[in-house]
Amino acid sequence: MLISFEGIDGSGKSTQVRLVAERLSAEGHTPLLVREPGGAVVAERIRTLLLDPALDIKPFAELLLFAAARAQLVAERIVPALEAGQYVLCDRFFDSSIAYQGEGRGLQGGAWMRQFQERVTGGVVPVRTYWVDVPLAEARRRQAHRDSTPDRMEAADRSFYDRVIRGYADLAAAEPERILRLDGMQPVETIHARVWDDLCTLRADGTAFAGSR
């Protein structure tokens with residue numbers, strides 16, 4: 001079963017990935033955790049380029065670099081894990097490109113963007129995507145407490161992130177059967193309980209596993 005977690009930087013999505021992984025591990029499972037961009041040797045090298053604040057990467061080139069990293073990750077790690085019956089938890093997947101490059105960078109694209117992403121993943125689509133939605137001001141406040149320099153994506157301006165959030169909202173409205181919006185302003189434990197309850201419902205429905213690819 002493939003599950004993805006989405007949200008702007010500082011939303012708390014990575015925390016939710018970790019909590020679900022811990023819960024699955026406690027049940028005796030060995031979930032595969034991957035992040036985007038990254039998760040495979042080639043993809044991690046591409047990640048270094050994409051996040052380097054010293055580089056001026058043009059929007060379409062950025063889209064293609066993310067796509068290359070994703071294609072490698074899917075073929076090298078995600079597909080084998082799904083075929084082995086593992087749970088796969090993705091900290092970002094193709095919805096990030098639709099929101100960040102499609103809306104944030106202004107590439108738009110509509111149907112062609114989704115078709116392109118499905119070509120990149122070989123038709124692999126998450127059974128469920130959890131979108132942790134927080135206001136930009138709150139995300140920035142959380143990031144300010146981190147002891148690290150913002151990377152190239154994190155350093156984008158407010159208007160960029162306003163468009164990204166709008167992109168996620170449009171995706172959630174278009175695919176309510178797959179994308180579940182979570183109020184990122186709620187306590188971490190409350191969000192996790194919502195995710196876990198939903199995941200248990202998916203697991204009870206055997207057809208959910210068939211939809212992983």
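Colleague: Let me start with a proline: where in the chain is P37 placed?

Modeller: P37 sits in the loop between β2 (32–35) and α2 (41–51). Keep in mind throughout that this is a predicted model.

Colleague: And is the peptide bond from E36 to P37 cis or trans?

Modeller: The angle to read is omega, and here omega is near -10°, so to speak the signature of the cis form: the E36 to P37 bond is cis.

Colleague: Staying with the backbone, what is the phi of R92?

Modeller: R92 has a positive phi of about 90°, although R92 is not a glycine. You will find R92 in the loop between β3 (88–91) and α4.

Colleague: Is R92 buried or exposed there?

Modeller: For that, look at relative accessible area: under 20% is called buried, and over 50% exposed. R92 has a value of 8%, so R92 is buried.

Colleague: Let me step back to the overall fold. How many helices and strands does the protein have?

Modeller: The protein has nine helices and five strands. Along the sequence they are arranged as β-α-β-α-α-β-α-α-β-α-α-β-α-α.

Colleague: How does the radius of gyration of the protein sit against that of a compact globule?

Modeller: The idea is to set the value beside the one expected for the chain length. For 213 residues a compact globule would come out near 17 Å, and the protein has 16 Å, which agrees. The C-alpha trace spans about 45 × 35 × 30 Å along its principal axes.

Colleague: What share of the residues in the protein is buried?

Modeller: Buried residues account for 51% of the 213. The surface that the protein exposes comes to about 9,800 Å², with 55% of that area supplied by carbon and sulfur atoms.

Colleague: Among contacts between residues at least 6 apart in sequence, what percentage join residues at least 24 apart?

Modeller: In this protein the figure is 80%. L171 and I98 give you one pair to look at: they are 73 residues apart in sequence, while their C-alpha atoms are 8.4 Å apart in space.

Colleague: In which helix is L171 found?

Modeller: L171 belongs to helix α7. With a relative accessibility of 11%, L171 counts as buried. Beyond its neighbours within four places in sequence, L171 is in contact with D95, I98 and I179.

Colleague: How does the reach of α7 fit the expected 1.5 Å a residue?

Modeller: Helix α7 runs over residues 158–174, which is 17 residues, and spans 24 Å from its first C-alpha to its last, close to the 24 Å expected.

Colleague: Which residues of α7 are buried?

Modeller: They are F160, Y161, V164, I165, G167, Y168, L171 and A172. To see whether a helix has an inner face, look at the arc these residues take up around the axis. Here that arc is only 155°, so they lie on the same side of α7. R158, A173 and A174 are exposed on the other side.

Colleague: What covers the buried residues of α7?

Modeller: The cover includes β1 (2–6), α4 (94–104), β4 (128–133), α6 (136–144) and β5 (179–183).

Colleague: Since α6 appears in that list, which of its residues are buried?

Modeller: In α6 they are L136, E138, A139 and Q143. Viewed down the axis of α6, they fall within an arc of 165°, so they line one face of the helix. A137 and A144 are exposed on the other side of α6, and the cover over its buried residues includes α7.

Colleague: Now some charged side chains. Is K13 buried or exposed?

Modeller: K13, found in helix α1 (residues 13–26), has 9% relative accessibility and therefore counts as buried. Its side chain makes a polar contact of 3.5 Å with the side chain of S14. Setting aside residues up to four places away in sequence, K13 touches F5, E6, G7, D91, R92 and V132, so here you meet R92 again, as one of the residues that K13 touches.

Colleague: Finally, with which residue does the side chain of E175 make a polar contact?

Modeller: The partner is R178, and the contact between the two side chains is 3.0 Å. E175 lies in the loop between α7 and β5, and with a relative accessible area of 13% E175 is buried.

Technical notes
Residues are numbered from 1 along each chain as its sequence is written. This is a predicted model: local features need pLDDT of at least 70, side-chain atom pairs count only at pLDDT 80 or more; totals for chains, interfaces and linings use all residues. Side-chain values use heavy atoms; hydrogens and water are left out. Helices (H or I, at least four residues) and strands (E, at least two) are DSSP runs, numbered from the N terminus. The expected span of a helix is 1.5 Å times one less than its number of residues. Buried means under 20% relative accessible area, exposed over 50%, partly exposed in between (1.4 Å probe, protein chains only). The arc is that of the directions from the helix axis to the C-beta atoms. Contact means heavy atoms within 4.5 Å. The radius of gyration is taken over C-alpha atoms; the globule rule is 2.2 Å times the number of residues to the power 0.38. Accessible areas come from the Shrake-Rupley method with a 1.4 Å probe; for residues, only the protein chains shown count as cover. A polar contact is a pair of N or O atoms within 3.5 Å; within protein, one must be able to donate a hydrogen and the other to accept it, and residues adjacent in sequence count only if both atoms are side-chain atoms.
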